[in-house]
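The following exchange concerns side-chain contacts in a protein chain. The sequence and the model are shown first.

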Amino acid sequence: MSTISDIALTEHHARIRGKTVIITGAGAGIGKETAILFASYGAHVVAADKDFASADRTALQIRQSSGDRYVVSCKCDVTDWDEVVAMYELAIKTFGSVDVVVANAGVGEVGGLLRHSPNEERPLVKPMTTTIDVNLTGLLYTVHLAQHYLEIVQLQMVSSGPSEPYIHVKSVILLGSIASWFPLAGAPVYTTTKHAVLDVMRSLDASFTANGARIASVHPFWADTSLVSDASRHSVLLGIPLAPVPRIAGSIFYASTHPDPGTNGAAFLVPDGGALTFMIPRGEFKLGMYQFIDKYSNAKSVALKWPGYHIRVISVLMRLFWKKLLLISGSTSLGVFIVMFFWKRLSSRYFKLRT
């Protein structure tokens, strides 16, 4: 597991110049800081948020600070499929392409879905699913559409500089949490969604890589955003310093722009306080308990141990249907020879059911 200094987080900033970046939840906190950072290095930014006024304020701040006119804001509730589509269409219509998507929109524990109250009277009230809807369903909508829109280029590609060739950057970055790695007793549904974010990234890594794109996830400690209540800051964290929002934005930037293919399918941990950012490459996900499970369980699974499992399946089928197979193959000497060869020769060597 390698560490990444704060300076290194944006060392490849030239790769993002002229590229189009979509950021959900860009109205405040991590999303806002990320939008400002990308814009500062010349990216075209689509600042999206369920609260349009906050997204518009982010866009205005970018224009005022950098004079960059290449920023637009839009209302996007990630749980609304049509609004997510409209967000992507706005990016294509305005800038001609989509290069980086940051699926940042999220909420904390809402509605107490798994919170048991022994005093609650029947009939029980149906709990809210807002946390799942936003953190997981909304993220899946965003990622699903990203795979389509990353391939669209309607306008002439903008080079990375006056005399530099076009640089290929196609990335999707998912916002996980420190809760992707360990449980939060007071937020079981939030923890569930953030565990899922990590595995969404891991599951899509192969298909993204095959299509010349990258996908990664960033997992911050509690950060100084609206998701962390004042009570949590004082009673739960007990003085533990919050993760710096600029470092989280820098980690997103690094995961999006670094040319090393080793960052594909990687998870970036942003701890509390002054600790450096950590990158866990895809090849190291089997450390610890994952490795133990793979060695002692998956390696012995009949469903995963190919081809042994499939050979045993063939054995069973041959025992049940060998007469029909013989009839299908015909009465020719060649057909008889083929069936007998498999049954007599290979059966004695491979087709034995083992306990």
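The questions below treat salt bridges, cysteines and aromatic pairs in turn.

Me: On what basis are the residues numbered and the features accepted?
Reply: Residues are numbered from 1 along each chain as its sequence is written. The model is predicted, so local features need pLDDT of at least 70 and side-chain atom pairs count only at pLDDT 80 or more, while totals for chains, interfaces and linings use all residues, and side-chain values use heavy atoms, with hydrogens and water left out.

Me: How many salt bridges are counted?
Reply: Side chains of opposite charge can pair when their charged atoms come close. Here a salt bridge requires a side-chain nitrogen of Lys or Arg within 4 Å of a carboxyl oxygen of Asp or Glu. By this rule the count is 5.

Me: Which residue forms a salt bridge with Lys170?
Reply: Lys170 lies in the loop between helix H4 (130-149) and strand E6 (171-175), and its partner, 71 residues apart from it, lies in the loop between helix H3 (81-95) and strand E5 (100-103); helices (H or I, at least four residues) and strands (E, at least two) are DSSP runs, numbered from the N terminus. The closest N and O atoms are 3.0 Å apart, and the partner is Asp99.

Me: Is Asp99 buried or exposed?
Reply: The classes follow relative accessible area: buried is under 20%, exposed over 50%, and partly exposed in between (1.4 Å probe, protein chains only). Lys170, the partner of Asp99, has 9% and is buried. With a relative accessibility of 1%, Asp99 is likewise classed as buried.

Me: Which residue meets Asp199 in a salt bridge?
Reply: The two residues are 3 apart in helix H5 (residues 188-210), which means that about one helical turn separates them. Asp199 is partly exposed at 37%, and the partner is partly exposed at 32%. The N to O distance is 3.5 Å, and the partner is Arg202.

Me: Which residue meets Arg282 in a salt bridge?
Reply: The N to O distance in this bridge is 2.6 Å, and the partner is an Asp. Arg282 lies in the loop between strand E9 (277-280) and helix H8 (289-296), whereas the partner is in helix H5, 77 residues apart. Arg282 is partly exposed at 38%. The partner is buried at 8% relative accessibility, and it is Asp205.

Me: How many disulfides does a search of the whole structure find?
Reply: A disulfide is a covalent bond between the sulfur atoms of two cysteines. The criterion is a pair of cysteine sulfur atoms within 2.5 Å. The sulfur of Cys74 is 5.7 Å from the closest cysteine sulfur, in Cys76, and is therefore too far for a bond. The search of the whole structure gives 0.

Me: How many aromatic pairs are counted?
Reply: Rings of Phe, Tyr and Trp (its six-membered ring) pair if their centres lie within 6.5 Å; planes under 30 degrees apart are stacked, over 60 edge-to-face and the rest tilted. The count by this rule is 5.

Me: Which residue forms a tilted aromatic pair with Tyr41?
Reply: The ring centres are 5.3 Å apart, with 55° between the planes, and the partner is a Phe. Tyr41 lies in the loop between helix H1 (29-40) and strand E3 (44-49) and the partner in helix H7 (residues 245-257), so the pair ties together parts that are 212 residues apart in sequence. Tyr41 is partly exposed at 26%. The partner is buried at 0%, and it is Phe253.
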